[in-house]
Amino acid sequence: MTGRLQKVLEAGEFAVTAEIGPPKGADPAGIRRHAALLAPCTDAQNLTDNQTAVVRLSSLAAAVHVLGEGGDPVVQMTTRDRNRIALQSDILGAASLGVRNLLCLTGDHPVFGNHPGSKGVFDLDSIQLLDVARGMNEGRFQNGEEIKSPPGLFLGTTENPYAEPFGYRALRLRKKVAAGARFVQTQVVYDLDTFRRFMAQTVETGVAERVHILVGVTPPRSARALKFMANIPGFSVPAELIRRMEGAADQKREGVKIATEIIREVRTIPGVRGVHIMAIMAEDLVPGIVEEAGLYPRPRFE
Amino acid sequence: MIVAKGKPLSQVVDMVSDRERILVAACAECVTVCQAGGEKEAVSLAQALRLWWKKAGVPWTVETATIQRQCEPEWVEEAAAMVEAKGYDAIISMACGVGVQFLARRCPKLRVVPALDTMFGGGTVAPAVWQEFCGFCGDCVLDKTAGVCPVVRCAKSLSNGPCGGSSGGHCEVSPDIPCAWVEIYERLLLQGHGEDLEGIVPPKDWSKASLGPRKVTKQGGGGR
């Protein structure tokens, strides 16, 4: 059965996805509440996999709660914590529970998390995980053994237009597409100039027509939060955006406005097929952003 | 070479606190080069131990000797005879983990303890600075990566290019670590082999690295 995200993208509609961060505890109420909030205004909902290497409720378990609220969960799966045996096992498990989408990632290094002494597994990298998951969809395990009931997941990955070497990013995305990625959710985009150059490369190299690119959007919470992000490796935040936030009377409101403007702007960039709104700890803002960006109501399917 | 570094003195003291005749055994190979377990370091560790025990008011004996190569049975045999003759009841080995185990295997009744933490296969990159270059994975890929090992020089051992945390030529883990994949990328372009970056490198065969203790036997090896 095809999931909602795949239907939207394959129908040529501009997709909207959002992120839900599972809690550091066993109570699913927050996930359920956010899923109920996001299901009507987004096409799919990502469940992060122990994001920044901090232990949280598992992305797969969280996805089941999202299914229960009528959402179309995207299970994020990193290669940081599991070897190829556990990864393949969880892929089968996800499909058996009704999950339709899988986002393949390498994951943040354990040193950034709350268990810095843990061993990073990294048996596979994100490209190898895509390749393995694609093979599983086609009916074989990584070792070549046959799978009688293939998982049939819609495969995605991430790409960071701001990481280095810049000249390699579009090429690396092409590798991810060759490995089986059907959709891509990018790192948060604030620096539109660099992002335009990245998109031009993906269009030139023919990658953009072979994969659905969804642009990462995060409403900045405050000028301070933006400044903090500007110093994290792999982020690019224009100084003028920080100044604009500093000058705003209501920074939270201004953040929503910025996110909306970015969405309207990236919609005009060739090759962009949707947006992925990452408003962790601020999920309540998402319906408003979707509406203000002119993306509500979402397309309906029979 | 094998690169190692000294453990804190208090930790070494605790390992042998119930022994009375102690040999501090230096190794003249790798650990001498990386200034962790050579004769000089053995002498200064022995001095520190004598001082420690003098303050504690105990009359333990601490002597030093240098074994040419603690990972070689002939040299270990020679050392074992000396240990027996002198009646030591503990050996603090200043070799890498291989040397400690060779001594412990040859002297099973004695307590043989490590004075060093064995770190990695590496080399000198600046005066008194050693860096890891090889992880002994048993499945060398340096021909495909322009002579830069992504298995140990990338914090995530990535096979297919840099992660999203590569920034300013550095690894996301620390600005002191150059991104191995930036080096690979630049060197392959310099060599005119950018196309080497395009293929998908399949998952690594870790069975060559993790099937318990590995063995290499040359034809005719193994003896009688």
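A:T52 sits in the loop that connects strand 2 (44–47) with helix 3 (59–68) of chain A. In this predicted model, the phi of A:T52 is near 50°, a positive value in a residue other than glycine. Its surroundings are intermediate in density, because 14 C-beta neighbours inside 10 Å make A:T52 count as partly exposed. Chain B offers a counterpart in B:S157, which is not a glycine either and has a positive phi of about 50°. B:S157 belongs to the loop between helix 6 (150–153) and helix 7 (180–190) of chain B, and B:S157 is buried, because 21 other C-beta atoms lie within 10 Å and the threshold for that class is 20 or more.

Two further backbone features of chain A concern prolines. A:E164 and A:P165 are joined by a cis peptide bond with omega at about -5°, and A:P165 is found in the loop between strand 5 and helix 6 of chain A. A cis peptide bond with omega of about 0° also joins A:Y296 and A:P297, where A:P297 falls in the segment after helix 11 (286–292) of chain A.

From these loops we can turn to the interior of chain A, beginning with helix 5. This helix covers residues 126–137, and its end C-alpha atoms are 16 Å apart, which agrees with the 16 Å that its 12 residues should span at 1.5 Å a residue. Nine of the 12 residues of helix 5 of chain A are buried, so the helix is largely enclosed by the rest of the structure. The buried positions include A:I127, A:L129, A:L130, A:V132, A:A133 and A:M136, and among them are also the polar residues A:S126, A:Q128 and A:D131. The cover over the buried residues of helix 5 of chain A includes strand 3 (73–78), strand 4 (101–105) and strand 5 (154–159), together with helix 4 (84–96) and helix 6 (166–178) of chain A. After helix 5 of chain A comes A:G139, with a positive phi near 100°.

A:A133 of this helix also appears in the account of the nonpolar cores. In the largest nonpolar core, which has 78 residues, those with the most contacts inside it are A:V75, A:L102, A:C104, A:A133, A:V217 and A:I277. Leaving aside residues up to four places away in sequence, A:I277 touches A:V16, A:A18, A:V217, A:V286 and A:I289. Apart from this core lies another, of 39 residues, among them B:A25, B:A26, B:I92 and B:A95. In soluble globular proteins, nonpolar side chains tend to be buried together.

Chain B is divided by the domain assignment into domain 1 (2–119) and domain 2 (135–208), and the C-alpha centres of these two domains of chain B lie 38 Å apart. Chain B also holds an open sheet of three strands in the order 1-6-7, with antiparallel pairing. Strand 1 (2–6) and strand 7 (129–134) of chain B stand at the edges with a single partner strand each, so one side of each is left without a neighbour in the sheet. On average, and with direction ignored, neighbouring strands of this sheet are turned by 70° against each other. Five bridges join strand 1 of chain B to strand 6 (residues 116–126) of chain B, the two running antiparallel, and B:V3 has B:F120 in strand 6 of chain B as its bridge partner.

A last residue to locate is B:L51, which is found in helix 3 (residues 39–56) of chain B. B:L51 counts as exposed because it has 12 C-beta neighbours inside 10 Å. From B:L51 to B:V152 the separation is 101 residues in sequence and 40 Å in space, C-alpha to C-alpha.

How values were computed. Residues are numbered from 1 along each chain as its sequence is written. Chains are lettered from A and ligands numbered from 1 in the order in which they are written. This is a predicted model: local features need pLDDT of at least 70, side-chain atom pairs count only at pLDDT 80 or more; totals for chains, interfaces and linings use all residues. Domain bounds come from an automatic or database domain assignment. Helices (H or I, at least four residues) and strands (E, at least two) are DSSP runs, numbered from the N terminus. The expected span of a helix is 1.5 Å times one less than its number of residues. Two residues are in contact if their C-beta atoms, placed from the backbone, lie within 7 Å. A nonpolar core is a set of buried Ala, Val, Leu, Ile, Met, Phe, Trp, Tyr and Cys residues joined through C-beta atoms within 7 Å. Two strands pair if DSSP finds at least two bridges between them. Axes are lines fitted to C-alpha atoms, for helices over the stretch in contact, and angles run from 0 to 180 degrees between N-to-C directions.
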